[in-house]
Every structure is written in C-alpha cells, then in structure tokens.
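Trainee: I have the sequence and the structure open. Can we go through them step by step?

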Amino acid sequence: MPFREAIRLALRVIWTQKMKSSFSIIGVFIGVTFLIAVVSVVEGMNEYMTESFANKLLGVNTFQLRRYPGVQMGDISSETRRQWRRRPRITYEDARAVEAGLSVPVLVAWESSRRGVVEFDGKVARDIDLIGVTEEWFAIRKMDMEAGRAFSAQEVRTGQPVIVLGNELAERLFEDRDPVGREVRVRKIPYRVIGVAESQGSVFGMSLDKFAVAPALSPIKRYVNPPRVLDELKVQATSLQELQAAISETEAIMRSRRGLRPTQESNFSIETADAVLDFWDNINRFLMTALPGLVSISLVVGGIVIMNIMLMAVAERTREIGIRKSLGARRRDIMRQFLVESATLATVGAAMGIAFGLGMAALVQATTFLPARVAPWSIVVGVLLGAGVGIGAGLYPASRAARLDPVEAIRHE
Amino acid sequence: MSAELLIRVSDLTREYQMGAETVYALRGVDMAIRPNEYVAIMGPSGSGKSTLMNLIGCLDSPTGGEYWLNGMEVSQMPDDELARVRNREIGFVFQTFNLLPRASALHNVELPLIYAGVNGRVRRQQAARALERVGLADRMEHKPNELSGGQRQRVAIARALVNDPSILLADEPTGNLDSSTSSEIMAVFDELYHQGQTVVMVTHEADIAAHARRVVTLLDGVVHSDTVREAA
C-alpha cells in the first residue's frame, strides 16, 4: 500500500473515531504545548536579558566599582555577607583617584541611591528611588529628557538643589501640569525640577520610571549615604578592550590605595553586565536541561496512551486485518497501516500542541512582563517528537497486527 | 506435471495442536483442478473441507504435502509471497461476506487493487467495472449496512474478481442467504463459469453443489469421492 494511501486511511480512521483519537493525542499535545511555550518564554527571556535588562540597567561596556556586588545572584552565604559588610566603603577620594588614574577614554559617574518620598503641593509619592549622581550618569544610562534638561557639571560641583524626575513620578505628582520649574520636596528640602526623563520602560514588571535624580553633592547626599561616601562608581568605556583595560587599571588603583598585598583578595567589587548574563546563562542552562525531562514525561505518558489505543484498535480490527490479509495485504502493509495511523495521531497532537503552545506564548507575552520569542527549532523538534512518539508507540501494536494469522483473524468477532 | 493443471495438491495434510491433543483436519488429500472447471467440495462438518479451502486460498499453510498453483509451489512460500498469490491469483468469497463495514462498496472492491499497487483513477475504474459486472453499478457509494445480503455478496464477488484471479474460491457463499437470493448468487457464479472463470466452492447443500460440473466429497480429511457430471 503506498504511503499516501496509508495516511489517507489513517486520517479516515481518526476522523471516524474522534473521541478515542482525542484521548490518544492529549499526551503528545500537552508535551508539545509545554515545549513550545517554555522554549518561547525562555528564548524571549534570553533576548530580554541580553538586550534590555543587562544593558538597560548596567549598560554596555560599563562596569561598577562597589563595596560589594549590587546585583547579587545565586546562593550567597551569610558568612560572605558579613565579610562584605566589613569592607571599607567607596569614598569620594577613591572615586576621584580612579577617575584621575584611568588612561583610556571613559565616561565616569558617581551614583548613590536610597528609597524615599518625594512631595509636591501636598501630594506624596512613596517608594521612589532617590539617586545622587554626577553629570555623566545621564550619558552612561543613555537617558534622554522628555522635558527640560539634565543637570550640568557646574551644578554637580556646586551642589545645586535641582532634580530630574522619572516619567511615572512626574505624572503622579503633576498629572497634566508642566513640572519643569516647580519645586518638589525631599525630606523637607526643596529641589527645583529642571527636567523629566523619557520613559525607561520596565524590567520584570517593575517600572523603571519611579525615580528622582539630583546632583551627587546637592543636599540629597546626606540622605543617600554617610558623608563622603558613594554606592558605586560607574565607568563606561567605548569598547570591550578598553573596558577590560579600565577594569584592570581600576583594580590596581584601588588595591594600591587600600594597601593590599598581592596575596590578599580585593575588598571591593567590580561588576559588569557579564556577571548578570553569566547568572542568567546558568538559569537558562538549567531550564534547558530540565525542559527535556518535563517534556519527555508527558510524551512518554502520551506514548503509552497511544500504544494502548493502538492495541485496542488492533484487537477491535482483528477481523479487518484478516480481511485485508486475505485480499493480499503483506505484513509490511498492515505494519505500515498501523504505524502511519499512530504516527498521524501523534503528529496531529503535536500540531495542535504547536498551535496551542504558540497561543500560550502569545498570551504570556500579552498579559505578563515575561517576553516570548518563538524559536523555530522548537517547532521542528515538536513535529519530530510527535511523529517519533507515534512511531515508537505504534511499533508493538503494529507488529502484533502484522503477525496475525489470516484464518484466525478473519474468524475473529 | 502437466501445465494444464491449475491446482495440484498431493498428500496434503494439516494438523492442529489443541493443547496436548493433535487434531488431524486433513490426512493426505490428492486432487487436481484444470482451468475452467466448476468444482464443489462437499462433506459433513468436520470433514476438512473448509481447511482445504483455506489451504487452496493460501490463507493457511499445510503441515505436509505439496500444493502447486499455476506452476508455483505454494506450500513452500514465505509469507510475503503468499500475500502476493492471494492478491493476484485468488479471489475469495466468504460465507459472511467479510466486507469492511465503514467503507463504501467501491472502496471494498478497490482493496485488492490497493495492495496490488494500482493507483488513482485506474483503480476506481477497475473497481467500478467489477461492480457493474455483478449488477451493482448503482450501489457503488453504499456502505455494506445499506445493502441487502445478496447485494453484499455481490460486492464480495466483485472484490474477488477485480484482480482477475486464476481461480475464484467460495466458502459456503450462500450460507447466509435466503433461497431466492441464493439462486441469484448461484446464477452469478454460473455466469462467471460460462465466461471462463475457474470456480471452486465449498458447500454442504446438494442443490448448491448441483450447479457445479464436478463434486469432490471429503470425509474425515481424505477425498471420499470425485465425480464429474457431463454438461446438463
């Protein structure tokens, strides 16, 4: 029997036994749905992590000099944390020494921040990132102004009480009014709004627009940190090579300032987007390792169901098999008929799984902060898995059908 | 052996193992059938006539002895070649029709052609012609349960004939039919015989056997009598 004939026959049988067929495809369906949806979300996360998260928050070719890592990932023992807290803080002098000592062209900015409250005209915005920075911070963060302007080196040096508001904060305090030129208060101290930043979007569903930035030396310095101390020094180089050069120079400067001997560990940390991406790679690798396990469980279950249904089909259709054999069907014709039937069943399940998985990915994309990106390979794998499971599960029932004795099969009722 | 012979069986035996017991269904049958014979195989139940029919139809393999069909030794054939012989050389008509219940009359008749590798329009044309030959041109798309018993048996005959077999075998072809339908069906067999078709049928009814030109009687697994009647 030609292959095309076998498929047509299989589709007819599947169609006439819709109920039974839908049971048997459900396992494969779930497995493939899962595969497509998870792979899509993971792939989406991948792109998101590299293109927006790491680069938006930490910047391309940028490193942070800090007392201890700002982005802490994985298991960190309390012992390590205690050690971190014993480290000396990064001081203004440290920052100035690094700035002065770097030989490659870089952008440098100080940054210190703390959560706090911003008030305007009786309205109170809580849980706002209050950030004290130097002027090049805006360039490193690639933050443009929607209205007004960022502050200048002059304003930083002289510690002017001016402030740039995040998009959402500005909207919350001012609604439709123009914030530029008005005064907001942070801990009772008035700051003149000189600019509103363009929206920075969100990361993992958290808005990046709930902040207020003031010059590092403005009165905000007393709120965000102890005197003459900063959270981090941001350094942005123009290329990866220069970034690496800047990192080793910074390390050398800091170690010499702190009088560390070569055997001693650095008591400060230098952080790049790579660290975050490495961590994400670990999660990614874990998901991609765990995924086949999860998918194969449902596929094995699906395969067993299909095998059962096919065994039932062979038992129910013993007479049909006998008739076909009496009319000249060879073993391989019967074998093929049942194999194609189970493969078709599973492939139909896989196809539905793909459609549903794509739908789920789109739904996740639309309703949560998780991005989804469909990986074409996952669709190919889905189809192949479906067909594979169908053939695997059909093998035993099909060979039983093929080996039936025609005389006995035809008498079977 | 003579090339004239269509079927030659010699010392054909068939034993069944029923638990510890061995049942001897055929104990050594010798028989020869020439082209365009019309043979009825008779005998009481248990005489081995159905077993012989299944062996001749290549649905079963003998325990011992030889079976030659059209110059080929069928008794030594592997499974796949037997399937080919069933497909090309033999048309089998069963007592219970054995049509596929979910398939149309046309599709049922197409089945042997499918296994012969005939495709598409040619296949449908051949199947339709076979149905026309048995007078069912207007019932092609009917399912078996939409047909009368006689019509079903006609479909089965069309299916048996569609590959133009050397021999048409019928196992109690009228066993499930009433008497008027039986004579209709027998008329079809008679007509096919007159057209040159070799027909071998198993029956236990004398009036059905009377249609044949030769009657072979089996008793206890051996040939008891073999009589040729001159044309009536």
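Trainee: How many bridges join strand β6 of chain A to β11(A)?

Mentor: This is a predicted model, so the pairing is read from predicted coordinates. Strand β6 covers residues 162-165 of chain A and runs antiparallel to β11(A). One bridge places A:V164 opposite A:V213 in β11(A). The number of bridges joining β6 of chain A to β11(A) is two.

Trainee: Which residue is the bridge partner of A:D129 in β11(A)?

Mentor: Strand β4 of chain A, residues 123-133, also pairs with β11(A), in the parallel sense and over five bridges. Strands of a sheet pair through backbone hydrogen bonds, either parallel or antiparallel. In β11(A), the partner of A:D129 is A:F211.

Trainee: How many residues of β11 of chain A are buried?

Mentor: Strand β11 of chain A spans residues 211-215 and is mostly covered. A residue counts as buried if 20 or more other C-beta atoms lie within 10 Å of its own. Of the five residues in β11 of chain A, the number buried is five.

Trainee: Why are the buried residues of α1(A) on the same side?

Mentor: The buried residues of α1(A) are A:A6, A:A10 and A:V13. An α-helix has 3.6 residues a turn, so residues three or four places apart point the same way. On the other side of α1(A), A:R4, A:W15 and A:T16 are exposed. The buried residues of α1(A) lie on the same side because they cover an arc around the axis of only 65°.

Trainee: What is among the elements that cover the buried residues of α1(A)?

Mentor: The residues to be covered are A:A6, A:A10 and A:V13. What covers them includes a helix of chain A, residues 331-367, named α12.

Trainee: Which element gives the most residues to the side of chain A that touches chain B?

Mentor: In total, 18 residues of chain A are in contact with 19 residues of chain B. The elements of chain A that give two or more residues to this side are α1, α11, α12 and α14. The residues on this side of chain A divide into eight nonpolar, three polar and seven charged. With five residues, the element that gives the most is α11(A).

Trainee: Which are the edge strands of the sheet β2-β1-β4-β5 in chain B?

Mentor: The sheet is open, its pairing is antiparallel, and the order of its four strands is β2-β1-β4-β5. Strand β4 of chain B pairs with β5(B) over two bridges, and B:W68 stands opposite B:E73. An edge strand pairs on one side only, and in chain B these are β2 and β5.

Definitions and conventions: Residues numbered from 1 in each chain as written. Chains lettered and ligands numbered in written order. Predicted model: local features only at pLDDT ≥ 70, side-chain atom pairs only at ≥ 80, totals over all residues. Buried ≥ 20, exposed ≤ 12 C-beta atoms within 10 Å, placed from the backbone. Arc of directions from axis to C-beta. Contact = placed C-beta atoms within 7 Å. Pairing = 2+ DSSP bridges. Nonpolar A, V, L, I, M, F, W, Y, C, P; charged D, E, K, R; others polar.
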